[in-house]
Amino acid sequence: MLTHSIRLPTDHGLTRIEHDLLGDLAVPAGAYYGVQTARALDNFQITGIPLSHFPNFVRALAMVKKAAARANGKLGLLPERLEDAIAAACDEVLAGQWHDQFVVDMIQGGAGTSTNMNANEVIANRALELMGYEKGRYEHLHPNNHVNLSQSTNDVYPTALRLGILLSYGELTGAMENLCAAFQAKGEAFAHIIKMGRTQLQDAVPMTLGQEFRAFATTMREDVERVQELVRLFREVNLGATAIGTGINTDPGYAPLVVSELSEISGESLVLAADLIEATSDTGAFVTFSGVLKRIAVKISKICNDLRLLSSGPRAGLGEINLPPVQPGSSIMPGKVNPVIPEMVNQVAYQVIGNDLTVTFAAEAGQLQLNAFEPVIALNILQSMRIMTRAMTALTERCIKGITANEDRCRKLVTHSIALVTALNPIIGYQNATRIAQKAQSTGRGVADLVLEEGLLNPAELADILRPENMTRPRRIAPLPSN
């Protein structure tokens with residue numbers, strides 16, 4: 001195994017000349033990428049988001065290349081010296097080196113060919129250095145002939161994307177689990193605080209603030225399980241399929257061997273797709289996974305809407321909770337503090353929802369034996385995972401953990417709400433309850449006072465019914481007398 005390394009020289013604007021089917025092109029002398037990457041840099045100045053923006057995707061590419069080198073070596077197709085040099089270069093990428101050389105824009109034509117060649121060229125040039133040669137001396141080790149041996153973009157790119165998701169989803173579910181724990185902690189802290197539940201923004205029936213926050217935890221915890229279930233789809237890969245799934249230009253034993261090598265290198269249990277032609281053109285797993293990311297976004301955005309409503313005011317709104325102040329809210333209104341963290345999460349959710357639509361269109365647009373639009377699928381899924389992870393982390397640390405309750409305000413709203421009559425309905429009957437509600441509405445008086453005034457209940461009976469624990473959970477009720 002080659003282990004020595006060489007420090008990058010400073011090129012001071014110097015270039016080297018590389019050649020491809022379109023002719024000669026100058027490449028920065030110090031660059032590890034080559035001619036095809038340089039052309040892609042000129043052609044695809046689109047998002048400004050390079051491959052290096054997603055380190056696990058870059059690592060996944062290196063894992064695929066290392067697995068291919070090992071499989072080709074074991075099959076006698078790649079000399080041991082070249083195999084070891086390629087593997088050593090890949091190990092450096094896995095360790096975080098040379099990521100700045102993965103420069104191609106995430107959105108590109110060619111079904112990801114520029115991404116594949118960016119990886120091939122960086123690994124080839126670093127491997128050449130490890131062997132004692134200068135970058136660009138491809139007669140000794142070639143990006144296509146050796147690094148890309150037994151491969152096509154059409155099996156490398158989707159395999160690397162699937163693996164990149166497998167390497168990344170734990171960060172997302174970790175952020176979700178932390179958020180669930182924060183909601184659950186608030187649920188326990190607020191378990192004793194009675195408040196008014198609302199439907200359609202109107203008073204409904206009493207509940208506890210703890211119940212409200214525990215419900216937030218439950219709904220998010222469901223989607224931790226959904227993500228963990230769906231990532232299994234990405235364990236099936238088409239590596240070894242090459243161009244369209246027929247395995248052209250590979251040894252008969254290559255596909256199962258390279259998938260086994262990739263499983264060992266990545267630590268992920270990967271399996272070879274049963275139908276490689278189907279697997280090469282199908283993007284259904286990305287559609288399904290993007291859908292659950294949208295589901296998470298919709299849920300978390302709804303929760304943030306609730307947090308903004310519950311904290312509205314502070315004096316002219318609901319004002320039931322206080323969000324921690326994290327920055328001044330206005331350049332003109334002194335003392336104003338806005339719910340900026342929930343607002344940020346809302347906007348992230350909108351982006352994720354839009355990303356899902358893009359993934360849907362891109363998956364549908366595939367034609368015949370290949371979907372040429374996987375680069376935009378990759379960008380949108382990886383971006384959705386990243387921004388949702390960061391947004392939920394910020395929401396947990398900068399908002400949920402610091403929320404406090406206005407207990408007196410919560411109780412006052414319950415006491416003065418006409419909706420209290422719902423709790424009395426099984427005891428005094430629907431007609432009496434309706435009449436009391438109408439009278440309370442027209443006079444501005446409290447429901448409890450009117451019930452006592454009319455002698456429908458005595459004070460002890462009323463107090464028992466209106467105890468928080470009796471209004472916020474099921475209880476056995478005596479049947480109303482029949483006429």
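## Exercises on a predicted model

In this predicted model, strands β3 (residues 194–199) and β4 (residues 202–208) run antiparallel and are joined by five bridges.

**Exercise 1.** Find which residue of β4 stands opposite arginine 198, and which residue of the hairpin takes a positive phi.

*Solution.* Start at arginine 198 and look across to β4: the residue opposite is aspartate 203. Then go to the turn, where two residues lie between the strands. Glutamine 200 has the positive phi there, near 55 degrees.

**Exercise 2.** Decide whether arginine 39 and aspartate 20 form a salt bridge, and state which elements the pair ties together.

*Solution.* A salt bridge needs a side-chain nitrogen of Lys or Arg within 4 Å of a carboxyl oxygen of Asp or Glu. For arginine 39 and aspartate 20 the N to O distance is 2.7 Å, and the side chains meet in a salt bridge. Arginine 39 lies in helix α1 (residues 35–43) and aspartate 20 in strand β1 (residues 15–20), so the pair ties together parts 19 residues apart in sequence.

**Exercise 3.** Classify arginine 39 and aspartate 20 as buried or exposed.

*Solution.* Buried means under 20% relative accessible area. Arginine 39 has 18% and is buried. Aspartate 20 has 12% and is buried.

**Exercise 4.** Identify the residues that share a salt-bridge network with glutamate 453.

*Solution.* Begin with glutamate 453 and arginine 445, whose closest N and O atoms are 2.8 Å apart in a salt bridge. Salt bridges with shared partners join Arg435, Lys439, Arg445, Glu453 and Glu454 into one network.

Technical notes:
Residues are numbered from 1 along each chain as its sequence is written. This is a predicted model: local features need pLDDT of at least 70, side-chain atom pairs count only at pLDDT 80 or more; totals for chains, interfaces and linings use all residues. Side-chain values use heavy atoms; hydrogens and water are left out. Two strands pair if DSSP finds at least two bridges between them. Helices (H or I, at least four residues) and strands (E, at least two) are DSSP runs, numbered from the N terminus. Buried means under 20% relative accessible area, exposed over 50%, partly exposed in between (1.4 Å probe, protein chains only).
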